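Here are a few exercises to work through with the model open in your viewer. Try each task before you read its solution.

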Amino acid sequence: MEEVKVYDEYTSSIFDGAENDPDNLVVVKNLKKYFPIKSSFFKITVGNVKAVDDVSFKIKRGTTMGLVGESGCGKSTIGRTLLRLIEKTDGQVFIGGKDIFALSKNDLRKERPNIQIIFQDPYASLSPRLPIGEIIGEAVREHGIVPPEEFDDYISRVMEACGLPDYYKPRYPHEFSGGQRQRICIARALALNPDFIVCDEPVSALDVSIQAQIINLLRDLQKQFGLTYLFISHDLSVVEYISDTVGVMYLGNMVEFAPTEKIYANPKHPYTEALFSAIPYPDPDYKVNRIILEGSIPSPANPPSGCKFHTRCRKCMEVCKYIQPDFKELEPEHFCACHLFNTPERQKELDELVAKMKAEEGEKGSTEKQKGNK
Amino acid sequence: MEQKKKSSYISARESRKITRFNRKVTRKLEAQRADANKDPKLYTTKMKDENNVVEFDNMCTYFFTDVGTVRAVDGVSFEVPKHSTVGVVGESGCGKSVTSLSLMQLLQRPSGQVVGGEIRFNKGDGTAYNIVNTPNSVMEDIRGNEISMIFQEPMTSLNPVFRIGDQVDEVLFLHHPDWTKEQVKARTLEMLEMVGIANKEGVYKMYPHELSGGMRQRIVIAIALACSPTLIIADEPTTALDVTIQAQILDLLQNLKEKVNSSIMLITHDLGVVAGMADYVVVMYAGRVIEKGTASDIYHHPSHPYTIGLMKSKPVVGHKSDTLYNIPGNVPNPVNMPNYCYFRDRCEMRCEQCNGDYPPAIKINDTHVVSCYRYIDKGEVLGYPKAVNVEEL
């Protein structure tokens, strides 16, 4: 089925002009990333995995945005696309007012120290053959952040800020525990003096007591250096703790984006509601009405038509099956993509459209039947 | 460089000594196990309390490795009562998985050995197996039939080259040799329906890679429950799954427990998961039980400093605080454990007494037991955990 694109102005205009405001460090507009599926022999593209499909958000300078969702919903792809580790398919990303995808190779290289990433698995993201001092210092030397004579001193200072004593410098990653390694990863990102750090599940591989250490460290560093984070995680309680705004993703779409207090106190989208009700609460007497979602996340290569969540939604309506809802501002700063919150006029328009599409579908079905009969 | 030597450096001579010692000990223990084959009396005992399914009594599981003896589980005692869920909580490396593997006799032998204590498993007729000495031939009847296990990674615990149906059938064929093919298939389909798979006939013929993570975990649960075991060990059943799928699986486990009428031993590091599921909670740290009690004992009156710290270090939705509490330091090295309280060096409430021996288990009310010197005057002392002196073996 061909994708129905209705009312472009509803989707494209939300964050237009937001990149001119120096307060917004990161502005993402209608970002799309499709991974082509090639046929095995002729390498012809036979379809697309829509990992990120029309996502928009903004992050204010010095704040943290949490990005949550189930695995396979495109959280990590967003993180990587923001850093231009992978190229986009469509859309725009502004970091500090500069369009990241419009930069030339040289300009991008100059921009790189400003945007850093902390990866999920501290066991896999450190080179086993380099000592710690070199892991942290390599990029510093490469980008000439400090003059060579201050180099050693600078690395020691960075390590100290991350809670690593400077006699660790000649040691190798295998000598450290998971929590220490994650500190090394943080020090490596911090050493370049970045504005913006993408934290891609930085604590999910760690134990609870070590998690708390790392989360506190990230927060302290944010206060100290005025960092901006994009915090990708599937642990909702950690996200609530650390973020100022939260974006909820489902199958490549952003379904809700709002300040943390608002979204946790009053989730609008049925998916967000179900997601938050599934958080295990550490109190045996605490009984919640858990909304249990049936089934599992559909394949992103062949997503359902209309609203992608309609196959699992409790409040699914007729319109959801045909038309993708607009991502729009319901209250100030509270964005949501759901047909439940359509204005009456818009609902009327959509109803007409649905009726039309149904009629078309019916025709198609009947002609096919006739063909079959013949 | 000096610090490095202290932590992990072993000279060639020491290394040879350790290897020789390990060979001697493991040979002796293996010989003891072989003896048990001859006489069933050696592995039959009596339960202390008939209402328990399993009793761990001062169980010690050590690993004889090339860097020294690792005391993975050192004097652990707790019980799993009938028809209840016991949650075992702790950080990675605290011995919670090794406890369950010892119960199933799935330890990597000969380097991993249960060197002391008893694990009593209720037969139901007044006698009990002492799992520690039970020979393999008898274990084969128990495993999967009376005790079954749900592993952490549903992706790796299913065989990728066999159909789902065949994998569920296999358990039934093994434990019910008199059943016909039709009976087995009917039971398998019944199990698949029970774990909430709508398209059971279709799934019966599918391969594991055709299913999602949540579905695979359902299959693993179906395999575990196929023979209606009296005890299900769920070793981090939801860690690899998403929050929404986790809620589905926990819900399913809770319902099935009532249907099949068995007990669950739920091993996890997530305090939230345990709170919703368990009747009793056991908190482990560095190979020892530091606190056990009913769920409300542990969650409403956590007593051991480690439990308190663990509760505080997990952010809770709806409770905003400025900084998160964190437990300083790391878990001690399991090769040479100190002889005082293992948590002393990380503890913020330590006192004079903590410099002495490892604290005994202290009963502070009918169900709540804690090993901490802060309660020594406030309850009945139950006794010290018994470690096994390796040199004497």
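**Exercise 1. Work out how many residues each chain gives to the contact between chain A and chain B, and how much area they bury.**

Start with the residue lists: chain A puts in 41 residues and chain B 43, where contact means heavy atoms within 4.5 Å. Next comes the area, meaning the accessible area (1.4 Å probe) that two parts lose on being put together, summed over both. Chain A and chain B bury about 3,600 Å² between them, and 54% of that is on carbon and sulfur atoms. On the chain A side, V208(A), Y241(A) and P284(A) lose the most area to chain B, together 17% of what that side buries.

A word on the setup: this is a predicted model, so local features need pLDDT of at least 70 and side-chain atom pairs pLDDT 80 or more, while totals for chains, interfaces and linings use all residues. Residues are numbered from 1 along each chain as its sequence is written, chains are lettered from A in the order in which they are written, and side-chain values use heavy atoms, with hydrogens and water left out.

**Exercise 2. Find the salt bridge between chain A and chain B, then describe the chain A side.**

Look for a side-chain nitrogen of Lys or Arg within 4 Å of a carboxyl oxygen of Asp or Glu. The count between the two chains is one: D235(A) with K314(B), whose closest N and O atoms are 2.9 Å apart. On the side of chain A that touches chain B, the elements giving two or more residues are α7 and α8 (236-242) of chain A; helices here are DSSP runs (H or I, at least four residues), strands likewise (E, at least two), numbered from the N terminus. Helix α7(A) gives the most, with nine residues.

**Exercise 3. Is helix α13(B) mostly covered or mostly open, and what does it pack against?**

First check burial, with buried set at under 20% relative accessible area, exposed at over 50% and partly exposed in between (1.4 Å probe, protein chains only). Helix α13(B), residues 305-313, is mostly covered, with eight of its nine residues buried. Among them are Y306(B), I308(B), L310(B) and M311(B). Now list the partners: from chain A there is α7 (208-225), and from chain B there are α11 (271-277), β10 (280-285), β11 (288-294) and α12 (295-300).

Strand β11(B) also holds T294(B). This residue counts as buried because its relative accessible area is 19%. Setting aside neighbours within four places in sequence, T294(B) is in contact with D279(B), Y280(B), V281(B) and T367(B).

**Exercise 4. Count the aromatic pairs over all chains and pick out two stacked ones.**

Pair rings of Phe, Tyr and Trp (its six-membered ring) if their centres lie within 6.5 Å; planes under 30 degrees apart are stacked, over 60 edge-to-face, the rest tilted. That comes to 15 pairs over all chains. One is F327(A) with F335(A), stacked at 5.8 Å centre to centre with 20° between the planes. Both F327(A) and F335(A) are buried. Another stacked pair is Y43(B) with Y129(B), at 6.5 Å and 20°. This one links distant parts of the chain, 86 residues apart: Y43(B) is in the loop between α2 (12-36) and β1 (44-45), and Y129(B) is in strand β6 (residues 128-130). Y43(B) and Y129(B) are both buried too.

To finish, extend the chain A pair: F57(A), F257(A), F327(A) and F335(A) form one aromatic cluster.
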